[in-house]
Every structure is written in structure tokens, then in C-alpha cells.
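Here is a short report for a reader new to this structure. Please look over the sequence and the model before reading on.

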Amino acid sequence: MAGVAPSPSPAGGTPLCQVRDSRLTEISGMAATRSGYVVVNDSADEESRRRIFFLDTDCRVVRTLRYPSRPRDTEDLALGRDGTIWIADIGDNRRSRETVAVWRLAPGGDRPVLHRLTYPDGPHDAEALLLTGDGRPLIVTKQGGAAGVYAPTRDPVPGGTVPMTRRGQVRLPGTNTSNPFGFLGRAVVTGAAAAPDGRRVVLRTYADAFEFDVPDGDVVRALTTGTPRIVPLPDEPQGESITYTPDGRFLLTVSETADQPPGTRPTITRYPTPRLPATAPRSAPASASATTPHSAPASASATAATGAPAAAGPGRHGDLAGVLGALVLAGAGLVGVGLLGTARSRRNGS
């Protein structure tokens with residue numbers, strides 16, 4: 001088995017603001033705009049939580065959008081360079097869905113459109129969404145050891161179903177970063193994001209962020225052949241969201257808090273990126289206005305707010321009841337494969 005890489009010394013996260021809206025306790029995807037943040041919940045059982053939420057820089061909800069039909073398990077969110085929002089309806093803890101989906105919200109739109117996708121090799125659970133250089137969705141599965149990377153074979157079709165192809169796999173280096181779920185928390189991918197200039201992408205686990213350079217616009221090649229820089233995210237209660245600030249200088253994270261002690265609130269926290277690109281970035285997307293916060297930003301306006309990151313407590317394990325670990329013989333060595341299953345009853349199918 002490959003040795004564990006020592007984690008860099010944590011630079012420490014800076015809390016920016018706390019989300020106080022009671023509907024937002026299972027935040028699974030986030031994007032940052034100049035006017036604030038866009039977030040989604042995962043597998044919300046309550047209808048009022050099945051929304052796309054727009055927050056200001058103080059984490060106050062200023063706008064929501066409904067889905068035209070019930071989403072299954074929204075797990076991540078990606079912001080295109082033209083301001084398009086893609087919501088990844090790709091969660092499948094029981095691995096029983098015949099199709100997964102992405103919802104597309106056009107710039108300035110108020111009605112997300114459903115696009116269904118199918119895997120070529122059976123169901124997978126996934127929580128991470130990126131966009132390829134030509135703007136197509138790219139899904140990274142929640143699989144320990146070697147996460148699969150899948151992309152549609154053609155542009156997604158509104159209301160239709162498009163098959164995906166497996167483009168490769170990504171193996172993240174091991175770390176020893178402290179987190180509520182131990183070894184398995186350091187092994188499974190729970191979120192992803194791209195820098196505004198498209199030259200870097202990041203994957204996260206429950207413990208760390210892994211930033212890859214994308215010098216030629218080929219996100220798949222960057223993930224499958226690149227060597228990432230590690231940003232420890234120690235002891236986040238249940239970290240499943242990550243994004244870049246609009247200027248690309250920092251990473252932002254937020255945790256689910258549904259199974260935390262009463263009064264614990266999701267806290268958007270800022271971490272420095274390992275380094276800035278050596279080359280001048282391409283122009284950022286058009287700036288967002290206060291009335292259309294989902295447009296892509298050109299510069300950051302993070303506003304520091306009071307409140308420390310939510311303290312983890314004994315309830316942090318309530319959302320993860322099943323842990324399955326296996327060792328698989330791969331080539332000349334052993335590769336540890338871990339799958340985290342959640343106890344929360346979620347909808348299946350699409």
C-alpha cells in the first residue's frame with residue numbers, strides 16, 4: 001500500500017458568516033458570486049428545502065428558486081463561465097438509480113431545466129460536479145481508492161437522457177488530516193469546484209482539498225494524470241461543499257449541520273489556496289448584480305462576519321451509520337478502498 005503523504009501544516013480557515021436560515025442544514029453544494037453565494041441542500045425531505053438558495057455576503061437568504069419537479073438528491077453545484085448554474089442531482093447512496101441528472105439554470109433565468117444522464121457501467125453514488133473546457137458536466141464518483149470520472153457522450157438534452165462514458169479515474173494522495181470519519185473521511189470525494197479562470201480545479205474529501213492545475217483546459221487529463229496540492233480542512237463537521245472566491249485567491253467551504261448539536265449553524269469558511277498561477281489568468285465571467293446573484297463574478301467581495309466555525313459534537317456521526325472497508329489487490333500493491341454510506345433515507349430513481 002502506498003505510504004501516507006504528510007499533510008501540510010494547516011494555514012487555518014477564516015469564518016466569514018453563519019447561515020441562520022433553518023431550511024439550510026444540509027448544504028451539499030455552493031458557488032460564490034460577487035454578491036454572495038448560491039447553495040443547495042441534499043435530498044431534502046421537506047418541500048421548503050428543495051430550492052436553489054441565493055445568499056448575500058452575510059449569509060442571509062435573499063432569493064430562492066423552485067425546481068419544476070422534485071429533485072432526487074442534489075449534491076453539488078457548478079458555475080459556468082457564462083453564468084449558467086448547473087446543479088448535480090447525482091446522489092445515490094443505495095446505488096439503485098437508473099438515471100442521474102443535472103439541472104441547468106440559464107443566466108437570468110428563473111426555472112431550472114432537467115437533463116438526465118446514464119452511467120455505462122451501472123449505478124454510482126457521487127457528490128462532485130465539474131465542467132469540462134467546452135462546458136459539459138463532469139461527474140466524479142464518491143468512491144474510495146479510485147474515483148471514477150464520467151462525462152456525457154454529447155451535450156445534455158433538456159428533458160431527455162444522454163449516456164455517459166467513463167473518462168478515467170482519479171487517485172488522491174493519502175493524508176493524516178483529522179476529521180470525524182477517520183481513514184474513510186480522507187478517501188472519498190464529496191465536492192468539487194473550478195477556479196474562475198479555468199486554470200485550476202479542486203476536489204475535496206471530508207478532510208482535505210486537492211487542487212490540480214489545468215494549463216491546457218483539459219480537466220479530465222488534469223484529474224487523471226496531475227499531482228495535486230493539498231489544503232487541509234481539519235475537523236469540519238461534515239464537509240461536502242467547496243468553491244473558489246470570485247478572484248480565485250481563496251477556497252470556501254461549508255458543512256452540513258443536520259446531525260450536529262442544537263444551535264450549530266453552517267459556517268462559510270475561507271482557506272488560502274496553495275499558490276496562485278504563475279501565468280496571467282484569463283478574464284473572469286461577467287459580474288453578478290444583486291438582483292441576479294447567480295451570474296458569474298469578476299472580483300471578490302467577501303465580507304467577514306462574526307461567529308466561529310461550528311464546533312463538532314457527539315451528533316456528528318449520526319448521518320453516517322454504514323461504513324464498508326475493503327482491500328483490493330491492484331497490480332503489485334494493495335489499494336485501500338472505502339465506501340461511506342449514509343443512514344438518512346433518501347429517494348432513489350430519477
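## A partly exposed aspartate

This is a predicted model. Start with D235, which is partly exposed, with a relative accessible area of 36%. That value puts D235 in the partly exposed class because it lies between the limits of 20% for buried and 50% for exposed. D235 sits in the loop between β17 (229-232) and β18.

The backbone of D235 also deserves a look. D235 has a positive phi of about 60 degrees, although it is not a glycine. Most residues other than glycine have a negative phi.

## A buried cysteine

Where is C59 placed? C59 is found in the loop between β4 and β5. C59 has a positive phi too, at about 70 degrees, and it is not a glycine either.

Is C59 buried or exposed? The relative accessibility of C59 is 4%, so C59 counts as buried. The cut-off for buried is under 20%.

## The disulfide

How many disulfides does a search of the whole structure find? The search finds one. It is formed by C17 and C59, with their sulfur atoms 1.9 Å apart. C17 lies in strand β1 (residues 14-18), while C59 lies in the loop between β4 (51-55) and β5 (61-66), so the pair ties together parts that are 42 residues apart in sequence. A disulfide is a covalent bond between the sulfur atoms of two cysteines.

The handedness follows from a torsion. About the S-S bond of C17 and C59 it is about 55 degrees, so this disulfide is right-handed. C17 and C59 are both buried.

## The sheet that holds β1

Strand β1, home of C17, belongs to an open sheet of four strands. The order is β1-β20-β19-β18, and the pairing is antiparallel. β1 and β18 (239-244) stand at the edges, each with a single partner strand, so one side of each has no neighbour in the sheet. On average, neighbouring strands of this sheet are turned by 25 degrees against each other, direction ignored.

Now take the pairing of β1 with β20 (residues 267-272). These two strands run antiparallel, and four bridges join them. Which residue in β20 is the bridge partner of Q18? The partner is T267.

## Putting it together

Two places link these parts. At one, C17 in strand β1 is tied to C59 in the loop between β4 and β5. At the other, D235 lies in the loop between β17 and β18, and β18 is an edge strand of the sheet.

Terms used. Residues numbered from 1 in each chain as written. Predicted model: local features only at pLDDT ≥ 70, side-chain atom pairs only at ≥ 80, totals over all residues. Heavy atoms only, no water. Disulfide = S-S within 2.5 Å. Buried < 20%, exposed > 50% of the residue type's maximum accessible area, 1.4 Å probe, protein only. Pairing = 2+ DSSP bridges. Axes fitted to C-alpha atoms, helices over the stretch in contact; angles between N-to-C directions.
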